[in-house]
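The exercises below ask you to read a structure from its overall form down to single residues. Please work through each task with the sequence and the coordinates in view before turning to its solution.

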Amino acid sequence: MAEKNMNDLTCPHCLGSVPRGATVCRGCQAEIEYGASFFVLVMLLIFAIFMGVLTASMLPEALSFVGWIVGIGSLYVGGKRIGEEYKDRVEFKRVYRTK
């Protein structure tokens, strides 16, 4: 049996040791997802678009390009914040098939 490294993760499905950075558990083939989920990233994109459109609608037409700047800035700052918030998130996903 291999010795467990301090950086190894423990799979909640099979309780096997998985090295950090792996994409699949060697024991039960559970997929491993790191960082923010797809849903969180989509919500960030929707928020950034909303902020850009809202800003553009509040300004005169000659300054509507500022909406793009605010939207892109929101996306950048939000991405940094989400990356920081979810940097330690690890999720094991496994589909159980029953007959």
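**Exercise 1. Determine whether Leu 75 is buried, partly exposed or exposed, and find the surface patch to which Leu 75 belongs.**

Solution. Leu 75 is partly exposed, because its relative accessible area is 36%, and the classes are buried under 20%, exposed over 50% and partly exposed in between (1.4 Å probe, protein chains only). The model is a predicted one, in which local features need pLDDT of at least 70 and side-chain atom pairs count only at pLDDT 80 or more, while totals for chains, interfaces and linings use all residues. Residues are numbered from 1 along each chain as its sequence is written, and side-chain values use heavy atoms, with hydrogens and water left out.

The next step is to place Leu 75, which is found in helix H2; helices (H or I, at least four residues) and strands (E, at least two) are DSSP runs, numbered from the N terminus. Together with Leu 45, Ile 49 and Val 53, Leu 75 makes a nonpolar surface patch of about 350 Å². Such patches are made of residues with over 30% relative accessible area and no salt bridge (a side-chain nitrogen of Lys or Arg within 4 Å of a carboxyl oxygen of Asp or Glu); nonpolar side chains (Val, Leu, Ile, Met, Phe, Trp, Tyr) are joined within 5 Å, and like charges within 9 Å. Areas come from the Shrake-Rupley method with a 1.4 Å probe, and for residues only the protein chains shown count as cover. Helix H1 (residues 38–58) gives the most to this patch, with three residues.

**Exercise 2. Describe the surroundings of Ser 74 and Leu 41.**

Solution. Begin with Ser 74, which is found in helix H2 (residues 65–85) and is buried, with a relative accessible area of 15%. Residues up to four places away in sequence are not counted, and Ser 74 then touches Leu 44, Phe 47, Ala 48, Met 51 and Gly 79, where contact means heavy atoms within 4.5 Å.

Leu 41, in turn, has its place in helix H1 and is partly exposed, at 43% relative accessible area. Beyond its neighbours within four places in sequence, Leu 41 is in contact with Ala 36 and Ile 82. The C-alpha atoms of Leu 41 and Gly 79 are 8.0 Å apart in space, although the two residues are 38 apart in sequence.

**Exercise 3. List the residues of the largest nonpolar core, and examine the contacts of Cys 28 and of Asp 8.**

Solution. The largest nonpolar core has nine residues, namely Leu 9, Cys 11, Val 18, Ala 22, Cys 25, Cys 28, Ala 30, Ile 32 and Phe 92; a core is a set of buried Ala, Val, Leu, Ile, Met, Phe, Trp, Tyr and Cys residues joined through side-chain atoms within 4.5 Å. Cys 28 touches Cys 11, His 13, Cys 14 and Arg 94, with residues up to four places away in sequence not counted.

Asp 8 lies in the segment before strand S1 (9–10) and is buried, with a relative accessible area of 16%. Leaving aside neighbours within four places in sequence, Asp 8 is in contact with Ser 17, Val 18, Pro 19 and Arg 20.

**Exercise 4. State the order of elements and the overall dimensions of the protein chain.**

Solution. Two helices and four strands are present, running β-β-β-α-α-β from the N terminus on. The C-alpha atoms fill a box of roughly 70 × 40 × 15 Å along the principal axes. Buried residues make up 24% of the 99 residues.
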